[in-house]
Amino acid sequence: MAPQLQLGALAPGPLPNSTEVYPPTRPGLAAQGAEVYRSLGCAQCHTRAVRQTQALYGARLNEVGNSPNTLLLPGLGGSDPKPVNLDLLLALATIRPDLTIAPLPLPPALVGDTNIVARLKQFADNVALLKRNDTKVGINRPTSGPSVNDLAGKLPAAVFERVSIEAGERAVKYLSDAGAKAELTFYNLGPDIERGWGARRTVAQDYVNDSPVLLGSVRVGPDLASLATRAPEKFAAPWKFASTNTAAEFERHLLVHLYNPRVLAKDSTCPSAGYLFNKQKPEIRAAGEPLTVPGTDAPVFPKHEARALVAYLLTQRVDTGVAEAPVPSAPKAVPAAAPKAPMKP
Ligand code: HEC
């Protein structure tokens, strides 16, 4: 009874930080397609569950930010002055002992600026102290190769990738304490995710609209939980889409696959659902557009059930993050500086 009481009462719920409700109600055609999927026994050979074995974390540096130790120094090659956050450079050097600490030379134009001279001297002293500590704990810093300055100069920068949550949180704390803007990132891992079968593991809420739930238990064919988000090269065949990769093209491929799986995958054991297609143009208006199957002359006409099944397959997507299984976000591009307003004549 316990699972029935816990999961049976699940209802579509609000998404974190959004006004949307997940999962959305299936459109009518797709809801009919769910019945076709059930009646044809597709769940005998296909599961609908993305499995995930692990989640790992990382730290991303988004902005250099500000600290009392931020100096405006000319960029490399004498370009416009850039803010250089000395505290951030020290924080990066502390958490990434595999990077060199490139010294910051005093720009000739600023030799007379006592404030900057003193700050850079203090920075050099701190770096020397850090190096002494490195030696004490047996860290051998490389003398050439990527430097801390390179990392701070290319934003957003992945400071850590695929580490434990403790290492990720520690890095974010160091960077934030130095006044920089940093965030904890994470990675969903597991064979299914690497195969491109979904962005995260499936959770109970994904199945709220299904009755009965057709999870499936045997994977004779690929998992279909997130079929609609699958990249063309991640299909078993692999399927070849034209460069457009539009929904209409995907729909056409699915219809061809249903009509005869051997057209797209030579030795496929997926049974043909040719009975969902008319060979002759039917006289009724419900008949869909004719479908040209590669390698055949006469077009075929998908029946309503074929269109409904495809509509259902197109709703199969596990790419929305939910509270218990978030989806990693892509790094946000740093907006380019706004162009200067043209001068009025
Ligand atoms: C006898 C087992 C079996 C049954 C039943 C079955 N399939 Fe398949 N299916 C497979 C196999 C094996 C593949 C992989 C080869 C291929 O791409 O055709 C596959 C591939 C697919 C693919 C392509 C997925 C990919 O990643 O390449 C789709 C879509 C699909 N099946 C849908 C269905 C639907 C819808 C049904 C029910 C009408 C169904 N299958 C019934 C075995 C089966």
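These are my notebook entries on a predicted model of a protein chain with a ligand.

**Ground rules.** I number residues from 1 along each chain as its sequence is written. Since I'm working from a predicted model, local features need pLDDT of at least 70 and side-chain atom pairs count only at pLDDT 80 or more, while totals for chains, interfaces and linings use all residues.

**Domains.** I looked up how the chain splits: domain 1 covers 2–52 + 221–314, and domain 2 covers 57–189. These bounds come from an automatic or database domain assignment. I found their C-alpha centres 50 Å apart.

**Core.** Next I checked the largest nonpolar core, which has 30 residues. A nonpolar core is a set of buried Ala, Val, Leu, Ile, Met, Phe, Trp, Tyr and Cys residues joined through C-beta atoms within 7 Å. Buried takes 20 or more other C-beta atoms within 10 Å, exposed 12 or fewer, and partly exposed is in between, with C-beta atoms placed from the backbone. Tyr312 is one of the residues touching the most other members.

**Odd spots.** I looked for cis peptide bonds and got one joining Ser211 and Pro212, omega about 0 degrees. Another runs from Ala237 to Pro238, with omega near -10 degrees.

Then I went after positive phi outside glycine. Asn17 has phi near 55 degrees, and this residue is exposed, with 6 other C-beta atoms within 10 Å. Arg162 has phi near 50 degrees; I count Arg162 as partly exposed, with 15 C-beta neighbours inside 10 Å.
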